[in-house]
Amino acid sequence: MIREVVKIDEEKCNGCGECVPACAEGAIQIIDGKAKLLADNLCDGLGACLGECPMDAISIEQREADEFDEEAVEAHLGKTAPEAHAPTGGCSSAAVKSFASSAGQVTAEAPSRPSQLRQWPVELQLVPPTAPFLQGADVLLVADCVPFAYADFHKDFLAGKALLVACPKLDDTGPYLDKLTTMLQQSHLRRLTVIHMEVPCCGGLVALARQAIAASGVEVPFETIKIGIQGDRLD
């Protein structure tokens, strides 16, 4: 049938996720850093998500599509986490945010060491390749075990950097090469550093970064740092 459904311009979408909680039917999700319409029959075509998109990436188009199916919506919502559709704004795991770190000296009045994290999200699979915090940034691509093994990760490595976290063994790294290549081509990175564990499988993160640099055709200063399983720096 011909009817109105949501259309998402992936070129404009920055993966902020603001449209996700705005869709009461749960028809939109962030996949590989972009908003996606999961199925035509989940979209009622009313466009409640339009006003939530800061990039003006969502519109309504009239085309051939499956009929809106309320039973399919109920079944879909029953399979997804309740917090993903909560009226308080939903899950913010993919909402892009930049913020100043609370860096400062540890004192008797403030004994806790401040975080050096400057952005959200940090997982490579969730970070859009054109996220604002990547522009001209000094980027760390870090194996997810590193911050647990290396006690002074924030102080020694993270301060002033943008962070991307991934596991070359457990993640589906298929989309990562294209994503990193796009980052290098469009975000004008100042430097790329890969911090990985000494275990052999972790070398896949280094190989991934090298492949992305070669595919991008962009010259960027590149460094690798190896961390031992007991938390010592090995290079």
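Let me start with the sheet: in this predicted model, 4 strands form an open sheet in the order E8-E7-E9-E10, and the pairing is parallel. E8 and E10 stand at the edges with a single partner strand each, so one side of each is left without a neighbour in the sheet. From one strand to the next, the twist averages 20°.

Looking at one pair in detail, E7 and E8 run in the parallel sense and are joined over 5 bridges, and valine 142 stands opposite valine 165 in E8. Helix H6 packs on the sheet, where it touches E7, E8, E9 and E10, and its direction makes about 160° with that of E9.

That brings me to the packing. The largest nonpolar core has 42 residues, and those with the most contacts inside it are Leu134, Leu141, Phe153, Leu163, Leu164 and Ile195. Among the elements that each supply at least two residues of this core are strand E7 (138-143), helix H5 (176-186) and strand E10 (222-227), while H6 gives the most, with 6 residues. Leucine 163, if we set aside residues up to four places away in sequence, touches Leu117, Gln119, Val122, Leu140, Val142, Phe153 and Leu158. Apart from this core lies another, of 15 residues, among them Val5, Val6, Cys19 and Cys49.

Finally, I would draw your attention to glutamate 25, in the loop between helix H1 (19-22) and strand E2 (28-31). Glutamate 25 is buried yet has no salt bridge, and the nearest side chain of opposite charge, arginine 3, is 9.7 Å away. Leaving aside neighbours within four places in sequence, glutamate 25 is in contact with Leu42, Asp44, Phe68, Val73, His76 and Leu77.

How values were computed
Residues are numbered from 1 along each chain as its sequence is written. This is a predicted model: local features need pLDDT of at least 70, side-chain atom pairs count only at pLDDT 80 or more; totals for chains, interfaces and linings use all residues. Side-chain values use heavy atoms; hydrogens and water are left out. A nonpolar core is a set of buried Ala, Val, Leu, Ile, Met, Phe, Trp, Tyr and Cys residues joined through side-chain atoms within 4.5 Å. Buried means under 20% relative accessible area, exposed over 50%, partly exposed in between (1.4 Å probe, protein chains only). Contact means heavy atoms within 4.5 Å. Lys and Arg count as positive and Asp and Glu as negative; His and the chain ends are not counted. A salt bridge is a side-chain nitrogen of Lys or Arg within 4 Å of a carboxyl oxygen of Asp or Glu. Two strands pair if DSSP finds at least two bridges between them. Axes are lines fitted to C-alpha atoms, for helices over the stretch in contact, and angles run from 0 to 180 degrees between N-to-C directions.
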